[in-house]
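User: I have a structure open and would like to know what stands behind the labels people put on it. Please set each value against its cut-off.

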Amino acid sequence: MTRFDIIDHTADAGIVAYGNDLREAFANAAYGMFSLVAELNGIGEGSCHEVNVEATDQEALLVAWLNELLYLFDVERVIFHRFDIIELENNRLQAKAYGEKIDKSRHLLKTEVKAATYHSLKIEKENGFRIQVILDM
Amino acid sequence: MPAGKKGKLIKIDDYRWAIPKTYKQGMRVPGLIFADEKMLAHIEEEQALEQVANVAFLPGIVGYSLAMPDIHWGYGFPIGGVAATQVRDGVISPGGVGFDINCGVRLLRTNLTVDEVKPRIEELISDLFTNIPSGLGSEGKIKLTSKQLDKLMLKGAAWAVESGYGEPEDLEYTEERGCLQGADPAKVSVKAKNRGMPQPGTLGSGNHFLEIQVVEEIYNLEIAHAFGVEVKEQILLLIHTGSRGLGHQVCDDYLKTMGAAVKKYGIELPDRQLACAPIKSPEGQAYLAAMACAANYAWANRQCITHWARESFSRVLSKKRSSLGMGLIYDVAHNIAKIEKHYIEGKNLTVCVHRKGATRAFPPKHPDLPRAYRKAGQPVLIPGDMGRYSYIAVGTDRAMEETFGSTCHGAGRLQSRSAAKRSIRGADIADELTAKGITFQVASIASLAEEASAVYKDVAEVVHITEAAGISPRVAKTRPIGVIKG
C-alpha cells in the first residue's frame, strides 16, 4: 500500500497520506513530510521524543501533530522517520517519534518545511483513511 | 477575453481586472487583480482567484481585495495579496501575513564595479558562504538567552546595531527603522522563543538567498542617484530572508488562537486558514504584539547578515569598510500587517494593511520615508529568480490611492516544487548558472531545482505591469553574478 503521495501546489507542496486506520494515516503524513525535509534512507533511531498534542477537532489535530514535529526538528535538530502513535482521539494525540540528530556529514537535507496549514485540509474515510494537508515551504 | 474564462472577471483596463462582489456570496468588497491577459490565463488555472474572493469575506475589509501581478496560489490569502481592514471594526488575520513574518529583502550599494569584483568572485562567495550560516538545520553564530531575545524582539535592527552588527545609519534606511512598535515578548510563546534563541543571523533555506548583483540598466537616473545607484556595472548586494522558526511558531500559535476567536466572535469564513479576530479584541491585540516581535526578529536577522557580508567584502577585497561604500539602499518587508492611515473612498481611515507577498510602495513626500528619499519616493525591491534579474522600483501617489501603497514582491511561482523536481535536475541548474557566469554555493544541491528560473514567472513581465499600471515604475535592473543559498 502506498504510504503517501506528494501533490502539486504552486508555492508549496501537499501531502496525501493513507492508512488502514487513522493512526497509520497520521504516521504516514508525518513520514511524507519528513521525506521532503531529508533523505530518510539510512537515518538511525537513536533519538526518541514523546509527542503530546491537543486541538479542537481532528483536522486541527493533524496540523498540530505535524507542526509539533517541525518544532522538534528545529529545536532538537532531529530528523524523524518512524512514528508510533499510541493514542489518537478526536482532539488528543499521544505518540513517540524516532529519528536521528542532524549530522550534515552523513545526512542529505533537502528543503525547509515552514509549517502545515489549514488550507484544503481533509480527512476522508474511504477504504481506510485518506488525509490531505498543504505545507508552507 | 472581456469576461474571463469563467465569466467572473470584469476588465477595467489592460492591467486591471475586477472580481465583482456577486461572484461569491459573502464577499464584502470586490476583488481587483493587476495583470495582463497573458498572465491572467495562468492565474485562472489555479485557485488564486478564488483566494482573492475569499479574502473579501474578512469583516471590516475596505476598498478591494487586491492581488499584485506576481499572484499565485497560496494558503488562505493568495501570495501577492493585499487587504486593508478598518481598525475600528475590522479583523486581523495571521494568514494574511503568513508563517514567515517579515520575510523581506534588503539591498546594499557598493563603490565597486564588476571589473573589481569578478576576479575575486569565487573567493568572495566562498567567504560569504562560510561567514553567513545558511541551509536547513544550520546553527547560528549568535546564541541568545531568553532575556537577550526579549530585548532583540523589542528593539529589532537597533538591537543588532547596538550589539556591534552594523551601523546606526542602517536604521534610517530600513522600513519602520527596523522596529515595529507595540512588540510585547510576553505574547510570544516559550516554543517560539526556543526556536528563536539559536537562530539570529541565519539565512535559512527555501527561497532565501544572498546575491551579488551588477547594475545592468538604469531607467530613471535622478531617482537611481537618490538611492545611491550611480552607474551601470556597479555592484549591489541583495539579502532575502525572514524571521525563521520564531516567526513560523508565532503564526502557528496564533492560528490556533484565531480558530477559537472565529467561533467566539461569530465570524464566517470560506477557508480555515483565514482565521482572524477583531483588531481591537484581546486576541487581535495579542497577535499584533507577537507579530511585531517576529517582525523585529527578522529585521535584526537581516541586520546581522549585513554586517557579516560587509566583513567578507572587506576581507576578500582587502578594502576598508569606509572605502567599500556598502551603505544600505533600503530594507522592505513583504509578509506583514501594518497599521496605516489611508484616504479611501473620500475618507481618512486607519486601517490594518495585510501584505502577503507584497511590498510597501509609499510615494514621494510621505513622512515615513528617510529624508534622503522624500523627493524620490520609497525604494521598492523586487528580486527575480536566481538565474535572471531583479528590479529596483519606486512607490507612487497612484499606489497610495489604489493599493494602500503596495506593489508586487517578486517573480511569483509558475510551477510547483514537485513539478520542478520532476522536470528539472539540481545538477542541470548548476550547469546553467555556471554557463551564465553566475558563481554560487548552495547548502543543498537538491533544492536548486525548486528555485530554477523556469519555475518562476519572468519578473520583467511582473514589473512591466506594475509600471504600466502606474503603481511602481522601474528605476534600475540588476543581474546576479554570485549567489549563496540555503
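The questions below go through one chain, the interface and some salt bridges.

User: Is this an experimental or a predicted model, and what makes chain A count as a compact globule?

Analyst: The model is predicted. A compact globule with 137 residues would have a radius of gyration near 14 Å, and chain A has 14 Å, so the value agrees with the rule. The C-alpha trace of chain A spans about 40 × 35 × 30 Å along its principal axes. Buried residues make up 64% of chain A, where buried means under 20% relative accessible area.

User: What is chain A built from, and how far apart in sequence are the residues in its contacts?

Analyst: Chain A has two helices and eight strands, and from the N terminus on they run β-β-α-β-α-β-β-β-β-β. Among its contacts between residues at least 6 apart in sequence, 62% join residues at least 24 apart.

User: How do you know that chain B and chain A are in contact, and what is the area they bury?

Analyst: Contact requires heavy atoms within 4.5 Å, and 44 residues of chain B are in contact with 37 residues of chain A. The size of an interface is often given as the accessible area lost when the parts come together. Chain B and chain A bury about 3500 Å² between them, with 51% of it on carbon and sulfur atoms.

User: Why is the pair B:Arg244 and A:Glu112 called a salt bridge?

Analyst: The cut-off for a side-chain nitrogen of Lys or Arg and a carboxyl oxygen of Asp or Glu is 4 Å. B:Arg244 and A:Glu112 are 3.5 Å apart, N to O, so the pair qualifies. The count between chain B and chain A is five salt bridges, and 14 residue pairs across the interface are in polar contact.

User: Which elements of chain B give two or more residues to the side that touches chain A?

Analyst: They are β4 (61–75), α8 (190–196), α10 (244–264) and α14 (417–423) of chain B. α10(B) gives the most, with eight residues. By class, this side of chain B has eight nonpolar, 20 polar and 16 charged residues.

User: What makes B:Arg106 and B:Asp331 a salt bridge, and are these residues buried or exposed?

Analyst: Their side chains meet at 2.7 Å, N to O, and the cut-off is 4 Å, so the pair counts. B:Arg106 lies in strand β7 and B:Asp331 in strand β11 of chain B, so the pair ties together parts that are 225 residues apart in sequence. B:Arg106 has 0% relative accessibility and counts as buried; B:Asp331, also at 0%, counts as buried too. The limit for buried is under 20%.

User: Why is B:Glu37 called partly exposed, and what does its salt bridge with B:Lys11 tie together?

Analyst: Partly exposed covers the range between the buried limit, under 20%, and the exposed limit, over 50%. B:Glu37 has a relative accessible area of 34%, so the label fits, and B:Lys11, at 33%, is partly exposed as well. The closest N and O atoms of B:Glu37 and B:Lys11 are 3.4 Å apart. B:Glu37 is in helix α1 of chain B and B:Lys11 in strand β1, so the pair ties together parts 26 residues apart in sequence.

User: Where do B:Arg398 and B:Glu402 lie, and which residues are linked with them in a network of salt bridges?

Analyst: Both lie in helix α13 (residues 397–402) of chain B, four residues apart, about one turn of the helix. The closest N and O atoms of B:Arg398 and B:Glu402 are 2.7 Å apart. The network links them with B:Asp13 and B:Arg16. B:Arg398 is at 39% relative accessibility and counts as partly exposed.

Note on methods:
Residues are numbered from 1 along each chain as its sequence is written. Chains are lettered from A and ligands numbered from 1 in the order in which they are written. This is a predicted model: local features need pLDDT of at least 70, side-chain atom pairs count only at pLDDT 80 or more; totals for chains, interfaces and linings use all residues. Side-chain values use heavy atoms; hydrogens and water are left out. Buried area is the accessible area (1.4 Å probe) that two parts lose on being put together, summed over both. A polar contact is a pair of N or O atoms within 3.5 Å; within protein, one must be able to donate a hydrogen and the other to accept it, and residues adjacent in sequence count only if both atoms are side-chain atoms. Ala, Val, Leu, Ile, Met, Phe, Trp, Tyr, Cys and Pro count as nonpolar, Asp, Glu, Lys and Arg as charged, and the others, Gly among them, as polar. The radius of gyration is taken over C-alpha atoms; the globule rule is 2.2 Å times the number of residues to the power 0.38. Buried means under 20% relative accessible area, exposed over 50%, partly exposed in between (1.4 Å probe, protein chains only).
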